[in-house]
Amino acid sequence: MRPFTYLRAKSPAEAAALAAQVDGSRFIAGGTNLLDLMKLDIETPTHLIDVNGLALDRIEATPEGGVRIGALVRNTDLAADARIRKDYGLLSRALLAGASGQLRNRATTAGNLLQRTRCPYFYDTNQPCNKRQPGSGCAAIDGFSRSLGIIGVSEACIATHPSDMAVAMRALDAQVETVRPDGTTRRIPLAELHRLPGNTPNIETTLAAHELITAVTLPAPLGGVHIYQKVRDRASYAFALISVGAAIQKDGSGHIALGGVAHKPWRVEAAEAVMAQGAKAVSEQLLAGATPTGQNAFKLTLVERTLASVMAQARALA
Amino acid sequence: MDDCDLMSISRRKFLIVGAVTAATVALPPFISARASAANAARPIKAKVAFQVNGQPRALDLDTRTTLLDALRENLQLTGTKKGCDHGQCGACTVIVDGRRLNACLTLAVMHEGSTVTTIEGLGTPDKLHPMQAAFIKHDGYQCGYCTPGQICSAVAVLGEIRDGIPSHASPSLTDQPQLITSEIQERMSGNLCRCGAYSNIIEAITEVAEANV
Amino acid sequence: MKFDTPATTNPIDQMKVVGKATTRIEGPLKTTGLAPYAYEHHTVVPNQAYGVVVGSAIAKGRIASMDLELAQSAPGVIAIVTAANAGKLGKGKYNTATLLGGPDIEHYHQAVALVVAETFEQARAAAELVNVSYVSAEGAFDLASSRGSGVEAKDQMADTVHGDFAGAFAAAPVQLDATYTTPDQAHVMMEPFASMASWQGDQLTLWTSNQMIDWSVTDLATTLGMPKQKVRLISPYIGGGFGGKLFIRSDAVLAALGARLAGRPVKVALARPLMINNSTHRPATIQRIRIGASSDGKITAMAHEGWSGDLPGGKVERAAQPSKLLYAGENRLVTMRLTTLDLPEGNAMRAPGETPGMMALEIAMDEMAEKLKIDPVEFRILNDTQVDPTNPKRPFSKRQLIECLRTGAERFGWNERHAQPGTQRDGRWLIGMGVAVAFRNNNLVTSGARVRLNDQGMVTVETDMTDIGTGSYTIIGQTAAEMMGVSLDKVVVRLGDSSFPVSAGSGGQFGANCSTAGVYAACVKLREAVAQRLGVNADDAVFADGEVRSAGKSIPLRNAAQAGEIVAEDSIEFAELSKQFQQSTFGAHFVEVAVDSATGETRVRRMLAVCAAGRILNPTSARSQVIGAMTMGVGAALMEELAVDKRRGFFVNHDLAGYEVPVHADIPHQEVIFLDETDAVSSPMKAKGVGELGLCGVSAAIANAVYNATGIRVRDYPITLDKMLDKLPEMI
């Protein structure tokens, strides 16, 4: 870990402005992924701006009947919030399926969205990785790829986004609020926050330099049955092989997003149009054009079967 | 960057400079030659003050110092263990401002004014915390290395259930979570024990939980 | 003390302290964080510096050049050790790869440098600045494609050829011929490899985390080219080992070299992501098993042929070994072949050989039972043998395998198992039960101890025996208490210091029996010395309740030490009994699993182990050893696999997020039953080991339960969902 200067910011706008003033700045909130990567010399900031003191830790109602979740709301608090549990159960469930109690106590809403891939080659600085070291190549494609992406991948990168929370938020039509160094703010649909790898897997989001996420908003509750099914080798404290986040209505329609398959939470609205035809049809739409490796082709079947299981559970609960 | 720079490999990256056999694996020279200017600089220090086990402690630390290393190396409170240093094992679990966390994945300087409780603050051999006593009684450990983290976690878990925080194992999101085995197992899953004392640990925690009801 | 005839009645048989369920005597230290592990000896020497290890970026080849300039000039850096400045290094007897690489590189993450600095943060940062250029060479990294070049490692495991396997197998009306694979596995003990070295002149003291003190003193001295007498190892607490800490590793050697170069104490812990490729692992195996039986279920032919790989000069994983002894049968072929692989060093991990061997053999037995349409418990009972099948004149000293199976079947409710696979459901879960035998030999190793009695009546035991979580502190205390007739709180146990008598150490599940037998021997001497001081007859003196009773007199034990502390030392040495008797431990594992019919995720619902392993010295810690082993067996069955990158030659998932081991949520309540047993052939303690027994067979019981639940036979461990998805029931 390289030496860095450290500063506590007092307001979101100030934090963004400060970041733009010092080369090598990064925001630190929970730190659970950033420090992990700094210890491995994968993240190498020279200036850390601690944003934990910003008053972004509230969950409040929006005039549109939805909720606004502060960027610094801890995963535990978000999952345990009474309104989230009642109206956005999918989000609670996804959060609780992730990491461990200790990590959820620290990890923040924005940090969770911005966590980096768990591809083992990304994590090993002796290995080529286009995401870590642009142009160095991808060791994963012909290597150990069992847990990696099957759709939206490129010849440069097959990494997945590891978040469970983001899958739920994608299914729930979340938007991200930000502030930029010049003080301007904007809203970005979550669907547009994460990028596909293409030829620049090192660029993971559409955020501008030093743009700070201040909140995530959810529209009014969707209703229906909320299920987050995470499939993994061990029963807890593991990243998903795949996951299915679903909010399914009595009539069988609904929203569906997948985790563990792509560089971003994966949702295809067209797939939701064929839910009446069953899991196979939905799965085919969701994963049309998938290019798995030999080691992770099983995810195609796994998605379809898990989806079928989720839809059956929803029917039973409706 | 000239050729000379290309050859001077930064960090422990490698370059193929010759071939031992005809079949030498062609590894790409993915080099970042920026010889870290930051690393050549002096270490950067910062002051931080917090309470540890009821005692005020003021430290002047390299900003890179994790809470875990501050406890273990600077304060010599080695009851908090370093198992992985990457948030993958839970051996470093301590309770900060009433919440358990992985001390390895947070910087000490981020905890100005915090209240930290480590295993040493829960109890001593002469005055064991009930959870410590239960771990001894139920043999909830073997090598002992994950044990302080398990115990700190267990104490916090009972609080989390009491506070109504749901878990992945909660059948309902809206009901008060129950003090049942599946809940405790799920909530303790961030604490690995390679000796495999899980079954006994759950017995120990259950006994303490039931005594508190 | 020579142990060359079976034990007769002795003071241990009183079982006043030994055999009683006893909480660990070091428990209050461990649960309060006060038990000091290797990296935590802050106060023993001043001025400690920090070392961080740099690992090789390639699997095989050589270092072309190293540029240390940036690292050397980084803040706080005191010294950098590399092969170029380390001086001539030897190699320990128990190491295959050298512990400091360069210029030749033998495996990925082999240590190539140690950066020593004032603080950990500085050392870690400077380690990133060490510039190494490598020349990579082609290596062999794939066992399956290399197996053809495997050779018999005669000195490690010679072929067993008994009778006419080929003929008998061909003639058998019922046959099985199946191939199984087990992956490379990692110990991943919770405490990383760690050492602190301090030199006083030419004398080295190393605080470390090590299972075998005397081996490691010898190997460290050999590596550093110095006399053994000048090396002292101290390892009072060990945060898990499982075979990974049987030997010195790079942390020990580099701490010593770093401290010499820096001129002050240096402590080194391996970073977790470096550990898996830097240290040893359990090698992968391929195992072909053929069983021929008569139609009434008697095995007539058994072949178990295995393959494993290691670095040049390395070890074969003796996976086929259990098939020499476990089941009856006239005709037998048992072989292992060792091939060269350039992966990190393969070496012992908990129950080496037997663990992967039983993982395969006990699936094969399940498959064979099914072919024969015989219940798998009954099939094993039918083929029990009370003698070494290749030498019928050599009986087992004790073999209660049938009792283990019968007791377990009854306690587990085995009769409720559906014989037809895939026919029991609980909602979306498919339910199944499985059984497997546990089997592990009982090894005997010389073990010594020193015992002191002071004028307060306190007994102090000193031995270099280690407690790696096994419960050594407590059983050694219990043994001394029993022998000297005092309560456990009158005994002080000091372990893990090379200045104490050489013990068996912790390995091969021999530690408990042998180390306590060594304490027994020393206590016999102490009793003689006490009797002499008190002027009583040692042969009829009774040591009880803190007194020595003889000829109608009762004298407080402490009186014997009024004139000064009494010290006695002895060791137990095992003679020829193992040639006359086969000594082994036995058990039966019963498991119930649930498999998600949609996803193929397997979760274990119930586990029971029944063990017959001689006298159980402390049922509390023995039970913990077994449940811990069962937990490790769940990992081996369902998730543990070091993923080999066959192009780049390393284990890719080299941290605790990538290499998954069971968590709390994976493990149900576990039951253990110990059958009442003493084995007088084993030692004066009449005990054997359980720590490895508990692991042998568990994974196969799970595999068999998965088969019973789903009808899907997975022969390649671990049994992950991707291997079952296509065969699971159609989704509606």
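A polar contact here is a pair of N or O atoms within 3.5 Å; within protein, one must be able to donate a hydrogen and the other to accept it, and residues adjacent in sequence count only if both atoms are side-chain atoms.

## Ground rules

This is a predicted model: local features need pLDDT of at least 70, side-chain atom pairs count only at pLDDT 80 or more, and totals for chains, interfaces and linings use all residues. Residues are numbered from 1 along each chain as its sequence is written, chains are lettered from A and ligands numbered from 1 in the order in which they are written, and side-chain values use heavy atoms, with hydrogens and water left out.

## Where chain C meets chain B

Let's start with the contacts. On the chain C side, 82 residues touch 79 residues of chain B (heavy atoms within 4.5 Å). About 6,400 Å² gets buried between the two chains, with carbon and sulfur atoms giving 57%; that's the accessible area (1.4 Å probe) that two parts lose on being put together, summed over both. In chain C, Thr31(C), Met190(C) and His664(C) lose the most area to chain B, together 14% of what that side buries.

## Polar links

There are 5 salt bridges between chain C and chain B, each a side-chain nitrogen of Lys or Arg within 4 Å of a carboxyl oxygen of Asp or Glu. One of them joins Arg24(C) to Asp139(B) at 2.7 Å, N to O. As for polar contacts, 30 residue pairs make one across this interface, both partners at pLDDT 80 or more.
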